[in-house]
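I opened my notebook and jotted things down as I looked them up. Here are the entries, in the order I made them.

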Amino acid sequence: MKILVTGGAGFIGSHTVVELIKNKFQPIIVDDLRNSKSFIIDNLYKITGKKIPYYAIDFGDTLKLSEVFKKEEPRGIIHFAADKAVNESINNPLKYYNNNLCNLVNLLSLVDKFKVQSFVFSSSCTVYGVPNSVPVKENAKIKEASSPYGFTKQVGEKILSDFFKTLPNSSLAHLRYFNPIGAHPSGLIGELPIGLPSNLIPFITQTAIGKRECLTIHGNDYNTLDGTCIRDYIHVIDLANAHVLTLNHLFNTAENLILNVGTGNGASVLKVVNRFQEVNNIKLNYKFGPRRPGDVPAIYADNSLIREKINWSAKFTLDDCLEHSWKWENNLSH
């Protein structure tokens with residue numbers, strides 16, 4: 001069964017492509033490589049032994065994308081292609097509204113035209129804003145987003161829900177990710193930040209290997225155990241598997257699902273830094289800096305719904321994540 005994967009050469013997209021192939025799906029990658037590099041496509045072949053159809057186009061180019069739909073006739077879509085840095089969205093909101101919302105609407109016009117059956121949306125725990133309590137449940141009140149990025153995910157979910165109500169034979173899932181980290185154990189694919197990383201793990205690994213002089217931990221005066229932010233860190237392969245299980249579920253039931261994808265455990269930034277040093281036996285140069293705008297003090301998932309609905313649970317530990325990330329960074333540098 002053919003599945004169109006927008007942003008399929010990206011961090012989460014590439015790992016999901018591997019898991020789709022393992023589960024007998026045929027992924028079709030659409031990616032303009034604005035957040036990736038072409039060697040990732042080669043490495044996907046090394047991991048899977050399969051030649052994956054790949055289109056180097058911007059998913060916002062409706063004309064070219066329409067040709068892909070015509071040729072490939074996908075049954076389902078996993079939509080990863082979006083800009084995703086909280087900080088950048090605060091400085092450049094129009095980029096986020098254009099790519100994450102206008103282009104999404106254009107994509108949905110093709111879903112309608114080509115009668116695609118199932119759609120999995122890459123959403124985010126940022127839709128919760130600053131939650132009233134943790135762990136956060138899917139039915140928690142959606143509060144004002146802390147950034148334009150978070151707002152595009154809230155609006156994206158609304159656009160999709162409204163649209164899929166008009167398609168009674170189609171099914172939709174919003175997967176609200178917590179903090180994806182780690183890399184493929186082979187060290188062949190992983191997170192590939194272009195320019196200065198906005199995520200913690202690539203900043204840690206780049207500092208450890210000497211690409212960056214020092215890691216700055218943003219804020220150590222939060223109301224948490226050690227003063228640093230708390231997040232729910234999930235291995236990217238566990239997250240990829242959630243997409244495959246969700247797709248299987250959607251093909252068997254026409255429903256509109258919202259699922260948290262997180263381990264259910266919070267870890268502080270300082271804990272992650274310390275674990276990284278211990279697991280990989282390396283000393284890290286870090287310092288504390290001021291808080292960063294848009295950062296939520298603490299958030300982690302109540303994941304009981306995803307366990308119950310699609311029988312998913314996280315298999316990898318935080319230590320696995322940090323070991324795999326370090327292997328990936330070493331491979332990148334040699």
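Is Arg-275 buried, partly exposed or exposed? I looked it up first, keeping in mind that this is a predicted model. Arg-275 comes out as partly exposed, because its relative accessibility is 24% and the partly exposed class runs between 20% and 50%.

**Entry: the partner of Arg-275**

I found that Arg-275 makes a salt bridge with Asp-319, and the closest N and O atoms are 2.7 Å apart. Arg-275 sits in helix α9 (residues 269-280) and Asp-319 in helix α11 (residues 318-333), so this pair ties together parts that are 44 residues apart in sequence. Asp-319 is partly exposed too, with a relative accessible area of 27%.

**Entry: more salt bridges**

How many salt bridges are there? I got a count of 18. A reminder to myself: side chains of opposite charge can pair when their charged atoms come close.

Next I checked Arg-34, which forms a salt bridge with Asp-58 at 3.3 Å between the closest N and O atoms. This one links distant parts of the chain, 24 residues apart: Arg-34 is in the loop between β2 (26-30) and α2 (39-48), while Asp-58 is in the loop between β3 (54-55) and α3 (62-72). Arg-34 counts as partly exposed at 37% relative accessibility, and Asp-58 is partly exposed at 27%. I also noted that salt bridges sharing partners join Asp-32, Arg-34, Asp-58 and Asp-83 into one network.

Then I went to Lys-22 and Glu-19, whose side chains meet in a salt bridge of 3.5 Å, N to O. They are three residues apart in helix α1 (residues 11-22), so about one helical turn separates them. Lys-22 is exposed, at 54% relative accessibility, but Glu-19 is buried, with a relative accessible area of 3%.

**Entry: Thr-205**

I found Thr-205 in helix α7 (residues 200-209). Why does Thr-205 count as buried? Because its relative accessibility is 3%, and buried means under 20%. Its side chain has a polar contact of 2.7 Å with the side chain of Glu-329. Leaving out residues up to four places away in sequence, Thr-205 touches Phe-276, Ser-325, Trp-326 and Glu-329.

**Entry: the nonpolar cores**

In soluble globular proteins, nonpolar side chains tend to be buried together. I looked for that here, and the largest nonpolar core has 40 residues. Those with the most contacts inside it are Ile-3, Leu-20, Leu-44, Leu-247 and Val-261. Several elements supply at least two residues each, among them β1 (2-6), β6 (171-177), β11 (256-261) and α10 (304-310). Helix α8 gives the most, with eight residues.

I picked Leu-20 for a closer look. Setting aside residues up to four places away in sequence, Leu-20 touches Ile-3, Val-5, Phe-25, Pro-27, Ile-78, Val-244 and Leu-247. There is also a second, separate core of 24 residues, which includes Val-30, Val-116, Phe-119 and Leu-167.

**Entry: the whole protein**

I counted eleven helices and 13 strands. The radius of gyration is 19 Å, close to the 20 Å that the globule rule gives for 334 residues, so the protein is as compact as a globular protein of that length. Along its principal axes, the C-alpha trace spans about 55 × 45 × 40 Å.

Buried residues make up 54% of the 334. Last note: of the contacts between residues at least 6 apart in sequence, 80% join residues at least 24 apart.

Definitions and conventions. Residues numbered from 1 in each chain as written. Predicted model: local features only at pLDDT ≥ 70, side-chain atom pairs only at ≥ 80, totals over all residues. Heavy atoms only, no water. Salt bridge = Lys/Arg side-chain N within 4 Å of Asp/Glu carboxyl O. Helix = DSSP H or I, 4+ residues; strand = E, 2+ residues; numbered from the N terminus. Buried < 20%, exposed > 50% of the residue type's maximum accessible area, 1.4 Å probe, protein only. Polar contact = N/O pair within 3.5 Å; in protein donor to acceptor, adjacent residues only side chain to side chain. Contact = heavy atoms within 4.5 Å. Core = buried A, V, L, I, M, F, W, Y, C linked by side-chain atoms within 4.5 Å. Rg over C-alpha atoms; globule rule 2.2 N^0.38 Å.
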